[in-house]
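These exercises go from one residue to its helix and then to the whole chain. Work through each task before reading its solution.

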Amino acid sequence: MKKITIIGAGIGGLTAAIALEQKGFKVEVFESATKFKKAGSGINLAINAMLVYKRLGIYDTIVRNAHISNSMNIRTKDLRFITAINLSKVEKEFDTKTVAIHRATLHHILIQHLDGVDIHLHKKLKTLKQSNGKVELSFEDGTTHTTEIVIGADGIHSAVRKSIFNNTTLRDAKQICWRGISKAKINPKHKGELNELWSKGKRFGFVHITKDEIYWFALINKKKFINKNIDLQELFSDYHPTIKSIIEETPKEDILCNELWDLKPIEKWYYKNVCLLGDAAHATTPNMGQGAVQAIESALALSICLEEENSIESAFRRYQNIRKEKANYVTQTSWKIGKLAQTENTIICAIRNFMMKKLPARITENQNRKLFKLNF
Ligand SMILES: Cc1cc2nc3c(=O)[nH]c(=O)nc-3n(C[C@H](O)[C@H](O)[C@H](O)COP(=O)(O)OP(=O)(O)OC[C@H]3O[C@@H](n4cnc5c(N)ncnc54)[C@H](O)[C@@H]3O)c2cc1C
């Protein structure tokens, strides 16, 4: 039985661990965090992620613990529709739901689905070296560990990636994003809706993750950023009163604030016995809600390739062939959407909203179909 070492117990690393364990690999995971925190944020899992979880037998548990989204809407700041995508048609075709879930809940479910996998916490990888078919991992606590196959699922700032490639570039989207979970009681008609409200240089999104909890995110351009403790109610005071109540009913200490960056698509995802997965390989801005979803796709695809191919090299090559085009498409498209969504030019905003209103639903549906379909 081949032994596989995964660096990083995020959504990508844990999904890969489940998929590999189900295929009979002996898996171990090294994670830098000292414990799993209850991050104050939710996540949207589009159909392609849920198709993977169906194949891994986790779909029903996730659906039970999440909130189903029936539509994806882009709206003006006063909640009028710019576009409304009804998800039911495409959900029916794929026989799969789109959900929004608390990240900590998803994390917990993933860990529950691991059986004999050792997760070593408080193990921050510093660097790795490869020689004679072996990989030696060195951790910040001074310990080392030797193994045969390594999957780097250690996020956008991947130490694994830096150990095997020295020419990769992170791109600053020049946008700031706050995220929180609110207990606000809003109009029940919004249940099942994934809403984004666009205006000039600002966005606010919200979706239910349980019947009483709303996950929200707010974006501004970096040049307008003063500090992360900025008064968000004041910042979005020109938005619909629903937004004010969502922010008001959020514990301030749990609000996350991040700069948005992505990884400029890289040529190769592996070197000898070490392979990258998730944000380590294909980090994207969150404008399509596909970052973790792509990590989840990569996790299953890599496990299939490692099971079916005779050599590590051919498994990694096939995995890259299967996944790279779609992951890069997401990264590049999401980058462009982010720029358009955050424009501060009044005329471009007006043209953008007009064009989006006029775009026939079947075009968006076809794009989604292509995105949601698994090619492995
Ligand atoms: C504001 C925002 C909103 C988003 N919304 C969505 C969404 O709705 N849907 C979606 O699909 N995606 C979304 N994403 C993207 C998504 O969060 C990421 O793509 C996803 O978390 C990537 O998973 P990962 O496992 O590859 O990496 P990560 O989640 O970054 O996990 C990496 C893990 O590795 C660990 N680690 C890091 N360095 C080391 C080291 N040196 N040694 C050991 N362990 C290490 C970390 O502690 C972490 O546990 C969003 C991102 C942002 C910023």
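**Exercise 1.** In this predicted model, classify Ile 348 as buried, partly exposed or exposed.

*Solution.* Count the other C-beta atoms within 10 Å of Ile 348: there are 13. A residue is buried at 20 or more such atoms and exposed at 12 or fewer. Ile 348 therefore counts as partly exposed.

**Exercise 2.** Find the helix that holds Ile 348, and compare the span of that helix with the expected one.

*Solution.* Ile 348 belongs to helix H12, which covers residues 346–358. H12 contains 13 residues, and at 1.5 Å a residue a span of 18 Å is expected. From first C-alpha to last, H12 reaches 19 Å, close to that value.

**Exercise 3.** Does H12 lie largely in the open or largely buried?

*Solution.* Among the 13 residues of H12, the number buried is zero, so H12 lies largely in the open. For the chain, buried residues amount to 43% of the 376 residues.

**Exercise 4.** State how far Ile 348 is from Ile 7, along the chain and in space.

*Solution.* Along the chain, Ile 348 and Ile 7 are 341 residues apart. Their C-alpha atoms are separated by 43 Å. The box filled by the C-alpha atoms of the chain is roughly 60 × 45 × 35 Å along the principal axes.

**Exercise 5.** Describe the chain by its secondary structure and its compactness.

*Solution.* The chain has 13 helices and 19 strands. Its radius of gyration is 21 Å, and the globule rule gives 21 Å for 376 residues, so the chain is as compact as a globular protein of that length. Of the contacts between residues at least 6 apart in sequence, 73% join residues at least 24 apart.

How values were computed: Residues are numbered from 1 along each chain as its sequence is written. This is a predicted model: local features need pLDDT of at least 70, side-chain atom pairs count only at pLDDT 80 or more; totals for chains, interfaces and linings use all residues. Helices (H or I, at least four residues) and strands (E, at least two) are DSSP runs, numbered from the N terminus. The expected span of a helix is 1.5 Å times one less than its number of residues. The radius of gyration is taken over C-alpha atoms; the globule rule is 2.2 Å times the number of residues to the power 0.38. Two residues are in contact if their C-beta atoms, placed from the backbone, lie within 7 Å.
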